[in-house]
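User: Please take a close look at one part of this model, the nonpolar interior, and set it against any backbone features that stand out elsewhere.

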Amino acid sequence: MTARTLAQPFPIVTLDTDAMDAAQTMTRLRWPGLIVSGDDGRPYTILPGSEVLRFLIPTYVQDDPGLARALDERASDELFRKLVRSTVRDLLPQPPDYDDLPVVDADATSLEVAAVMARMRSPLVAVVDGDKVVGAITVNRLLAHLLPAAPAS
Amino acid sequence: MTSVLVVAAFAAAYVLIATERIHRVAAALAGAAAMVLLGVVDARVAFFSEKTGVDWNVIFLLLGMMVIVSVLKQTGVFDYLAIWAAKRTRGRPFATMVMLVVITAVASALLDNVTTVLLIAPVTLLICDRLGLAPVPFLIAEALASNIGGTATLIGDPPNIIIASRAGLTFNDFATNLAPIVIILLVVFIGLCRVLFRSAFTYDPERVAALMALDEREVIKDRGLLLRSGIVLVAVMIGFVAHSALHIEPSMVALLGAGALVALSKLDPPEFLEEVEWPTLVFFMGLFVMVGALVEVGVIGRLGTLLTDAVGDHYLLAASALLWGSAALSGIVDNIPYVATMTPLVQTLVDAGNGVGHATALWWALALGADLGGNATAVGASANVVVIGIAARNGHPISFWQFTKYGSIVAVVTIAVSWLYLWLRYYALG
């Protein structure tokens, strides 16, 4: 099966999309991440859910996760308010790695898609046909296709 | 001819270490390899010579303390102490800084400086975040405090461990000769903090509630482990204090303590070896072989004779030069290779003085200069570099000159006070 067949429609976010809207889109659609398109409409990068958390959780808490236990719900609310007035651009690591995008051609095989996902540790790849984005493939959809069917109980 | 080649190889390796053109471990190992290839050092000298080989007491003392730190880190005790202390001050910025400085200095006297700042910096950022304070002054103060506190004891700073092992000085020798001046220096340093960082102490009563809402009890991850670790740490400290009476080396005390903690904590090897800095241990080994080669070919002996003739009875002058010279050099280059090179030379001077107080004070001049001099610049001590790295990753960059502006003042003042102490205690009144 080719990437074109596996690809699903996906919501477009841009670098200037409101960060809160992007995070809510991700949770509403239950996608592990979003494809971020550049000004030319081509995929710019992938925004995985973990990057949203990396933006929200202070580095010092990431370094010493035990500190999170000292924070109460109010502090947690304060942390998540960081999304207000932020854009997708703020959520992305700086500087972005332009050469390392999880993108596959529409005629790539499912194993090629799996190889790109594994190499880039991305839960999502964008599928392109020339300059046109035809959809995205999530790790769940790919695994569902690759795994052998469970025997009927 | 061999002596000239050994000196050239030593100098080349030292320049590589100082300039960091290649990794310091590679430079030290290359230097050690050169000594082996020149035929000055063989396996017997490198591994079994107490005077010119690898000083296993230093290596295993460091290893033991690193394992102890690995286990202590799992308890969350530093986070608890810092939050508890900040809450006691009710968020008053200067009082909070004093508490954090004292915790850092005391912890650095008992543990490695780098580990101490690694443990205290994240919780400092949290406290400053809650209080809406700029964290940079607090982080700089902690790096400086760790270098001051580490000077107090045999185990506080690697140069002290080298000096103790090479000079045969005990934990109590350090405690009685260096700890008193370090307490004075800490008081002076806190006074300096009040002046140097005065613009950082803006008090916002509305932010205090955010600090007081932190629950320090929650950061203790394993109360049982904390209790067991505390008991073992106290036993290790008693072991250090009593090591000369018990005729047991500090390295054995540290290893026994580490073994006890590993057994009691039931942690897996990756966890209790997490804080072991293997590159640092290998760096020390290479360094000992390099310096040992200088001793083997008689270079250190000849230099020692020259120095002894030059110093004569002027021990105060020698101590002053050693203190200020060590401080100046340690602000620029790594103080570990410097102290490793200087210890055989200082030993010659102390031996020439028949071990009387005037002469043994040279050891304290070397330790004070090398340890406190690290505060002078942003790259003078590993703790400074680590704090600057943590600050940058958390979006609070500290420039070389920003750190050095504060560090150089603190270094000059603390060295001046130390000189006064040396003069009064060992020469004017001694």
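Analyst: The model is predicted, and a useful place to begin outside the interior is Arg85(A), which lies in the loop between helix H5 (73-80) and helix H6 (88-91) of chain A. Most residues other than glycine have a negative phi. Arg85(A), however, has a positive phi, near 70°. Arg85(A) has 10 C-beta neighbours inside 10 Å and therefore counts as exposed, since the limit for that class is 12 or fewer.

In chain B, His247(B) sits in the loop that runs between helix H14 (243-246) and helix H15 (250-265). The phi of His247(B) is also positive, near 55°. His247(B) is classed as exposed because 8 C-beta neighbours fall inside 10 Å.

The interior can now be considered. In soluble globular proteins, nonpolar side chains tend to be buried together. Here the largest nonpolar core comprises 155 residues. Met35(B), Ile68(B), Ala82(B), Met290(B), Leu362(B), Ala365(B) and Leu366(B) are the residues with the most contacts inside this core. The element that gives the most to this core is helix H7 (residues 113-131) of chain B, with 12 residues.

Ile68(B) merits a closer description. Leaving aside residues up to four places away in sequence, Ile68(B) touches Leu233(B), Val236(B), Ala254(B), Gly257(B), Ala258(B) and Leu261(B). Apart from the core that includes Ile68(B) lies another core, of 34 residues, and among them are Ala23(A), Val103(A), Ala126(A) and Val127(A).

Methods
Residues are numbered from 1 along each chain as its sequence is written. Chains are lettered from A and ligands numbered from 1 in the order in which they are written. This is a predicted model: local features need pLDDT of at least 70, side-chain atom pairs count only at pLDDT 80 or more; totals for chains, interfaces and linings use all residues. Helices (H or I, at least four residues) and strands (E, at least two) are DSSP runs, numbered from the N terminus. A residue is buried if 20 or more other C-beta atoms lie within 10 Å of its own, exposed if 12 or fewer, and partly exposed in between; C-beta atoms are placed from the backbone. A nonpolar core is a set of buried Ala, Val, Leu, Ile, Met, Phe, Trp, Tyr and Cys residues joined through C-beta atoms within 7 Å. Two residues are in contact if their C-beta atoms, placed from the backbone, lie within 7 Å.
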